[in-house]
Amino acid sequence: MKDGKEQRKIIEIEHKISLALNKLGLSFAEAFGIVTYNPRVKTACWKYSTLTGEESIEIGDMVADLPVELIEMVLRHEFLHRSVFHGFGEQFDDREISNITLDICINRLLFEAFPEQMSGLSQKIYPDASKKTIIALADCSADPFELNDNLRSLWRTIWMKDADGRFSQLNPASLYFSLVTLNETICIELNPFSDLSDIQSDGIPDRIIRAGSRIAEEISARLPHGSSGGQGLNRYSVIPRQIGFNNVELFLKRINVRTVATHFASKIKEPLEKRTFQQPYPMFPSRIGLIYQALGIADNLRMYHNRDVTSSGVRQAIAIYVDVSGSMIRHFPLISGFIDALKDYPLRMCAFDTVVREIELEEFAKGNITGGGGTAFDCVIRDLLDRNDVVAAVIFSDGEGSLSDQLYKNLKLSGKYVYTVFIRSDNEISSVLKKISRDCLMLDVRDSKYIIINKSLYGQPKSA
């Protein structure tokens, strides 16, 4: 029998495991029995029971003694490793190098999403002896100057950002062959993340799929905008949820939003472009040219008036107004696709809730925008009317709002155009924006999942 002290230790560890699983967002049914404490295990590993056919993660004292937030990181690593195990490991001969390759890719992915936690975990879980070996390539806390030239160069490729502040995209297959050519001996006992050789290859249990998908979704939502992290792992994943794509990015892929955004952008730009042509007489005379023809002046005096010589576009700016109420923030990557389609025009980027604030395009792309509160369109239209260099506005919003009659009249008199992209969970739009917009587009969102892009709310654009 276990003495009281040992029993209390086990209860405390089980409580920490329970807290970590709850923070991963797993339900009781998904979490029950999926992680257990085993003092004979050094760190953490997957185990398969031939009696029950169940898979579980066993953690040892090194992991159990960590704070709960770091236990979470270990479990995320293990779930992601299981999610690609039979997709990747079976394709390459060297099991040890396959394992360290996945450790590198998974840890870099987790570091992008949870930099502070992964730095703390790496410092605590990787032994000092491993920091001079090939194992250090999976360790964000390793000192590259402690590595030989080949390992140092590869470590920097994996863990250091480029001049644009982005990490390189890791290709697991290419990384595997790079490690093979290094001819470095992998010290298995120095790797805190063991392989999955005990796991059977006859499929992955449903609850592991659900848990892995949920963890992949959470990580994807935390990745910096523009990150390529996780995309290389999707080729080998045995779970349906793609890693490295948030809901918006999956939506962009599914409906080819670039085409939709470009088409809508062309509607916005069309009335703003000033077209002038040159045509030889008598193909395209001007009005006075027609008079010269009618009076015989063109034939007798050889005086022709055709349309102008050049073709040029108006260079007045387009203002982008983004509703930054709380429910809109998760749609920022989607909005970026539309903004990109207008990038050949001067843009004025603004955020609004009850006031308008000008923002930098770069900050918007990074998601460094705060908002909240209600939605008011008076401030948007007033700002548009005050900007002499702006000829049209594109408003992104999911809410209803009001607009004063005087501002509505002033907008009509100004000759400025308004276009609106609605991002909503229903098709019932009574917004005043419909009334003032030359054209609208509806993005239909239901149950936090993008369903479809509707056609323009109007069959033809309104006349100017």
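Here are three short exercises with worked solutions on the predicted model shown above. This is a predicted model, in which local features need pLDDT of at least 70 and side-chain atom pairs count only at pLDDT 80 or more, while totals for chains, interfaces and linings use all residues. Residues are numbered from 1 along each chain as its sequence is written, and side-chain values use heavy atoms, with hydrogens and water left out.

**Exercise 1. The whole chain**

Find how many helices and strands the chain has, and what share of its residues count as buried.

Solution. Start with the DSSP runs, numbered from the N terminus: helices are H or I runs of at least four residues, and strands are E runs of at least two. The chain has 18 helices and 10 strands. Next, take burial: buried means under 20% relative accessible area, exposed over 50%, and partly exposed in between, with a 1.4 Å probe and protein chains only. Of the 464 residues, 50% count as buried.

**Exercise 2. Aromatic pairs**

Work out how the rings of Trp46 and Phe79 are arranged, and which parts of the chain their pair ties together.

Solution. First, recall the rule: rings of Phe, Tyr and Trp (its six-membered ring) pair if their centres lie within 6.5 Å; planes under 30 degrees apart are stacked, over 60 edge-to-face, and the rest tilted. The count comes to six aromatic pairs. In one of them, Trp46 and Phe79 have their centres 5.7 Å apart and an angle of 80° between the planes, an edge-to-face pair. Now place the partners: Trp46 belongs to strand S2 (residues 44–48) and Phe79 to helix H4 (residues 68–88), so the pair links parts 33 residues apart in sequence. Then check burial: Trp46 is buried at 2% relative accessible area, and Phe79 is buried at 0%.

Tyr176 and Phe177 also form an edge-to-face pair, because their ring centres are 5.1 Å apart and their planes are at 85°. Here Tyr176 is buried, at 5% relative accessibility, whereas Phe177 is partly exposed, at 48%. Finally, Phe111, Trp159 and Phe167 make up one aromatic cluster.

**Exercise 3. Charges over rings**

Identify the ring that lies under the charged end of Lys435, and the ring that has Arg438 over its face.

Solution. Apply the cut-offs: NZ of Lys or CZ of Arg must be within 6 Å of the ring centre and within 35 degrees of the ring normal. Lys435 sits over the ring of Tyr408, with its charged end 4.4 Å from the centre. For Arg438, the ring is that of Tyr417, at 5.2 Å from the ring centre.
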